[in-house]
Every structure is written in C-alpha cells, then in structure tokens.
Amino acid sequence: MKIRSLIQFSLFGLSTIIFKRRKPILATIILTDKCNLTCKHCSVNNITGKMYAYQSIHQEMSDLYNQGIRILFFCGGETFLWEDNGKTIKNLVQEAKSIGFLIVNVVTNGTFPLDMPEADLILLSLDGTPENHNLIRGNTYDTILNNIDHATSDNICLYMAINQLNKHDIQSVSDVAKNTKNIRAVSFNFHTPYPNTENLMLSPTEKESCCTTIGNLMKQGYPIFNLKTAFKYIINNSFKTPCYQCIVVEDGKQYTCGRCIEIEGLCEKCGYFFAAEYALVFDGNIAVIIDMLKTYLRYI
Ligand SMILES: C[S@@+](CC[C@H](N)C(=O)[O-])C[C@H]1O[C@@H](n2cnc3c(N)ncnc32)[C@H](O)[C@@H]1O
Ligand code: SF4
Ligand code: SF4
C-alpha cells in the first residue's frame, strides 16, 4: 500500500472514531448475479440473470468516489462473466483506478483465465481440499489451479468460506496459498446462514477451533490475510452490526454493510470477517487497528 493511501485511511479512521461518524470508505459493486456455478453455500447466484449496463456501473463508480469511497470491490455472481458492448471486468478495474480509488479488488470463482494485473487483489474462491471444493463448487478445482498457474500477475488472494463441509480444510487451503506461484495470501470467512443454507453454519465452538487453527498457521508464518485480534468477536458474533463504513451497490440501490442486511436476524449470525474487522476498527478498537495497519501493509 502506498504511504499516501495509508495517510488518507488513517485520517479517515481517526475522524470516524473521534466524531463517531458513519461515513463509508469501502464499497462493493455487484456487476451481475449471473454465474457459471451453483455452489452449495451460495444464495446470490442466477436470481435475475441481469448484467448491469456499463454506463450505470460507471456512474455508480463516480458517485461512490464523490461520496468519499476509496476502497472498491467488484463482486457478483461471477465477475469474469460480466461484459457490455466489448467492455469487461478488466476495463472496469482500469477505470476505477483512473477515477482515483486507492484499492480496487475483484472477487472471482477463478474458473476463467486470470489476466488482471491492474487489480490490487484478485480474491479467488477456493473452498477446501480438491474433493470438498468440488463437492461445494462442482468439478472446478483443477481448472482453477491451472488458471492460477497461468495468471499474468501475483496478486491473487485465496478466499475460503468455512462451513460444515470443509471445516477441516483450513490447512489444505493455507498450504496452497503458501506454496503456489502467483498467490499472495489466503483470507477466511465463516458461512453466513442465508435462508436454506442454515445447515452449513458452524457453532461458536467450531468457529473457535477453526480460529485456533488459523492462529497457529499465522504463528508458523503462513500468509493469512485476516486479523487475529478480531477472532474472539467473530467467534461469538459480539461485534456491532451493521458496519456503517461498508456499503454494497446493486443496480443503483445502496445497502449499508451488505445486501444481507435485509434478511431479518442474519447480522447476529454473520460470518463475514470484513464486517467484524471494519466494525471493530471504526469503533476505535486499538488492537484491531494496529493489526489492520500491519496486515494491509504486508499484503496490499
Ligand atoms: C458470492 S461470491 C461472488 C464472486 C465469485 N462468484 C466467487 O465465488 O468468488 C463471493 C464470495 O462469497 C462467498 N459466499 C457465498 N455464500 C456465502 C455464505 N453463505 N457465507 C459466506 N460466504 C459466502 C463465496 O464463497 C465467495 O468467496
Ligand atoms: S461461484 Fe460465486 S456467485 Fe457463483 S454460485 Fe459460487 S459463490 Fe455463488
Ligand atoms: S453484518 Fe449483516 S449486513 Fe453486514 S455482512 Fe454481516 S450479515 Fe451482511
């Protein structure tokens, strides 16, 4: 991360904490809900099949920048499926950078060739050992590993959603992150129990056991892009929700924290580490703030 970005984020953080402001800094734009996969744990794919128009996404980017957003994620559905009149996700990332966003990340299932050096991070979903990943995501593991091997840049961060099917696979995914070319780190989330996926959720005891495993791997030097200081709040869902510094935009509509905010009772069972980490940072938790500065400087 550049020093200029670090200073901007630190000033934003300080003023948010001191004045208890609710201004957002991080936004996720949903490009489409179309997806080539139908993963067992996912509730947001192929509902409308819409690809949002380039013009409206561009307008959303400008509006978000003018609102003060500086960290931008593109998400889906599958981001690499998005296209409009010859424009692709690569064009959107380049334009986001030229508008002035300081960090631009793309979330993908990794089943398409990876040529995205412009992104700060490509968050690429890998959900366990080859067997369990394929059980959750269909037969895609080998394709994904091949795409990682042939990627044109080394800005890949694996993204694993830990659930009942893959809760013993943290070491396996961490080994891939540590030993594979082009991968910078791995970032974990716990399953968030959207309706009809409740059976995949972990209990607090199971989450604690996973966090112990992740913490031990961190101690051994594995490249893990999560904040250890936030674990105890994530295990018991004792962080404040929603996180007002994060927003999601889909088809012109803005949601505080996530689209999931509209599902009653879900925030109390939230498994998204970012929601806890950002909520704790902007609530003024000193240990988490220091942890975030050190971790972001290492991986972005
Ligand atoms: C919705 S997907 C969209 C991007 C892309 N299609 C992918 O799979 O990475 C974004 C991320 O959310 C994760 N995810 C989906 N459903 C989830 C749930 N119920 N709880 C936690 N993470 C979930 C996915 O595993 C993926 O890493
Ligand atoms: S690839 Fe992503 S969007 Fe598609 S079904 Fe899986 S988690 Fe959902
Ligand atoms: S806190 Fe609520 S709105 Fe935010 S990500 Fe978690 S479930 Fe979604």
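**Exercise 1. Decide whether strand β6 (residues 121-125) is enclosed or open, and say why.**

Solution. Start with the terms. Strands (E, at least two residues) are DSSP runs numbered from the N terminus, as are helices (H or I, at least four). A residue is buried if 20 or more other C-beta atoms lie within 10 Å of its own, exposed if 12 or fewer, and partly exposed in between, with C-beta atoms placed from the backbone. Now count. In this predicted model, 5 of the 5 residues of β6 are buried, so the strand is largely enclosed by the rest of the structure.

Next, split the strand by face. In a regular strand the side chains alternate between the two faces of the sheet. Leu121, Leu123 and Ser125 lie on one side of β6 and are buried. Ile122 and Leu124 lie on the other side and are buried too. Both faces are covered.

A note on the model: it is predicted, local features need pLDDT of at least 70, side-chain atom pairs count only at pLDDT 80 or more, and totals for chains, interfaces and linings use all residues. Residues are numbered from 1 along each chain as its sequence is written, while chains are lettered from A and ligands numbered from 1 in the order in which they are written.

**Exercise 2. Which strands pair with β6?**

Solution. Two strands pair if DSSP finds at least two bridges between them. Take β5 (residues 103-108): 4 bridges join it to β6, and the two run parallel. Here Val106 stands opposite Ile122. Then take β7 (residues 156-162): it pairs with β6 in the parallel sense, over 4 bridges. Here Leu123 faces Cys157.

**Exercise 3. Describe the shells around ligand 1 and ligand 3.**

Solution. A residue is near a molecule if its C-beta atom, placed from the backbone, lies within 6 Å of it. Ligand 1 has 19 residues around it; Cys42, Asn109, Ser125, Ala161 and Thr192 come nearest. β5 and β7 each supply at least two residues of this shell.

Ligand 3 is surrounded by 13 residues, the closest being Cys257, Gly258, Cys260, Cys267 and Cys270.

Sort by class. Ala, Val, Leu, Ile, Met, Phe, Trp, Tyr, Cys and Pro count as nonpolar, Asp, Glu, Lys and Arg as charged, and the others, Gly among them, as polar.

| Shell | Nonpolar | Polar | Charged |
|---|---|---|---|
| Ligand 1 | 8 | 10 | 1 |
| Ligand 3 | 10 | 3 | none |

**Exercise 4. What share of the protein is buried?**

Solution. Buried residues make up 43% of the 300 residues. The protein has 10 helices and 10 strands.
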